[in-house]
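Could you walk me through this protein as if I were seeing a structure for the first time? I would like to know what to look for and where to find it.

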Amino acid sequence: TWSVPDGWYDLKVLVRDSAKNWAEDTVPVFVSNLGLPGGDEGFGGFAGEGEGMGLDKDGNLYITSTQTPVDQTDLKVRKYSPSGEPLLLFSAKLPRDSTAVPWPSTIAIDDSSNIYVLDGLNCCLKKFDATGRFLLKIGSRGVKPGQFIDPSHIVLKDKIYIADRGNQRIQVFSNQGRYIRKFGSDSIRLTNPQAVISTKRN
């Protein structure tokens with residue numbers, strides 16, 4: 001990155017699924033030629049195994065990571081300022097979650113700074129407030145409406161859209177977690193949907 005000045009940049013990403021369908025998105029990335037902000041261990045001193053990442057409306061970065069001490073497993077959510085300063089750390093693991101190594105698929109933040117963690121291992125979506133307090137859980141493992149198998153991505157718009165990869169469909173929920181409808185598995189065939197992208201209409 002020595003030829004690129006320090007700062008935030010928009011990185012264009014192209015993604016192809018197993019059915020050779022292409023999708024395009026733009027992801028903000030931070031470039032530092034003098035080392036990662038926050039210390040030698042990475043962004044904000046982060047040294048865990050990072051999984052999902054997301055930004056809020058103020059440009060703060062959220063990272064979900066797994067930690068596997070000898071006596072327990074955990075799913076952590078970390079929040080950093082745009083300059084890499086640690087702002088928040090909390091566990092997204094619930095009491096009845098699996099004791100296997102957590103598998104967070106992705107994370108999203110709404111305009112009220114509520115935090116949504118899509119938990120691939122436990123096949124559910126978890127909603128937390130801006131301080132990390134648990135608010136809501138959506139879904140469980142299964143094939144019925146409102147259930148998931150290997151959920152892979154989430155988009156927040158006026159509703160909640162979740163890519164339910166194992167069930168070959170996209171499911172739609174209200175912001176309160178009420179199941180609304182699905183795409184795929186019937187008249188529209190989806191093959192391993194990996195992500196959901198929303199577009200603006202004029």
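Phe148 and Phe173 are both buried. In this predicted model, their rings have centres 5.8 Å apart and planes at 50°, so the pair counts as tilted. Why does this pair tie together separate parts of the chain? Phe148 sits in the loop between strand E10 (134–138) and strand E11 (151–156), while Phe173 belongs to strand E13, so the pair joins parts that are 25 residues apart in sequence.

How many aromatic pairs does the whole structure hold? A search finds four of them. Another of these is formed by Phe128 and Phe134, with 5.8 Å from centre to centre and 65° between the planes, an edge-to-face arrangement. An angle over 60 degrees is what earns that name. The partners are not equally covered: Phe128 is buried, with a relative accessible area of 2%, whereas Phe134 is partly exposed at 35%. Phe90 joins in too, as ring pairs link Phe90, Phe128 and Phe134 into a cluster.

Now step back and take in the whole chain. The protein has 14 strands and zero helices, so if you read along the sequence you meet one β element after another. Of its 202 residues, 43% are buried. The protein exposes about 11,600 Å², and carbon and sulfur atoms supply 50% of that area. You can also ask how the chain meets itself. Taking contacts between residues at least 6 apart in sequence, 38% join residues at least 24 apart.

For a good look at two strands side by side, find strand E5 (residues 74–80) and strand E6 (residues 86–91). They pair in the antiparallel sense over five bridges. Tyr80 stands opposite Pro86 in E6. The two strands form a hairpin with five residues between them, and Gly84 in the turn has a positive phi of about 100°.

Tyr80 also leads us to another residue, Asn60. Asn60 lies in the loop between strand E3 (49–55) and strand E4 (61–67). Is Asn60 buried or exposed? At 10% relative accessibility, Asn60 counts as buried. Which residues does Asn60 touch, leaving aside its neighbours within four places in sequence? Its contacts are Gly54, Leu55, Lys79, Tyr80, Ser81, Pro82 and Leu87. Lys79 and Tyr80 fall within E5, and Leu87 within E6, so you can find this loop residue by following the hairpin you have just met.

Next, let us turn to charge. Side chains of opposite charge can pair when their charged atoms come close. How many salt bridges are there in this model? The count comes to six. One of them joins Lys57 and Asp58, whose closest N and O atoms are 3.7 Å apart. Lys57 is exposed, with a relative accessible area of 54%, and Asp58 is exposed as well, at 51%.

A salt bridge between Arg133 and Asp129 has an N to O distance of 3.1 Å. Here the two partners have opposite labels: Arg133 is exposed, with a relative accessible area of 52%, but Asp129 is buried at 14%. The cut-offs explain these labels, because buried means under 20% and exposed means over 50%.

Asp158 and Lys159 also meet in a salt bridge, at 3.1 Å from N to O. Asp158 is partly exposed at 48% relative accessibility, and Lys159 is partly exposed at 27%. Elsewhere, Asp97, Asp119 and Lys126 are linked in a network of salt bridges.

One more charged residue is worth finding before you go. Arg165 is in the loop between strand E12 (160–164) and strand E13 (169–173). Arg165 counts as buried because its relative accessible area is 18%, under the 20% limit. Arg165 and His153 are 12 residues apart in sequence, and their C-alpha atoms are 8.6 Å apart in space. From here you can follow the chain into E13, where Phe173 and its ring partner bring you back to the beginning of the tour.

Notes: Residues numbered from 1 in each chain as written. Predicted model: local features only at pLDDT ≥ 70, side-chain atom pairs only at ≥ 80, totals over all residues. Heavy atoms only, no water. Helix = DSSP H or I, 4+ residues; strand = E, 2+ residues; numbered from the N terminus. Buried < 20%, exposed > 50% of the residue type's maximum accessible area, 1.4 Å probe, protein only. Contact = heavy atoms within 4.5 Å. Areas by Shrake-Rupley, 256 points an atom, 1.4 Å probe, with all protein chains shown as cover. Pairing = 2+ DSSP bridges. Salt bridge = Lys/Arg side-chain N within 4 Å of Asp/Glu carboxyl O. Phe/Tyr/Trp six-rings, centres within 6.5 Å; stacked < 30°, edge-to-face > 60°.
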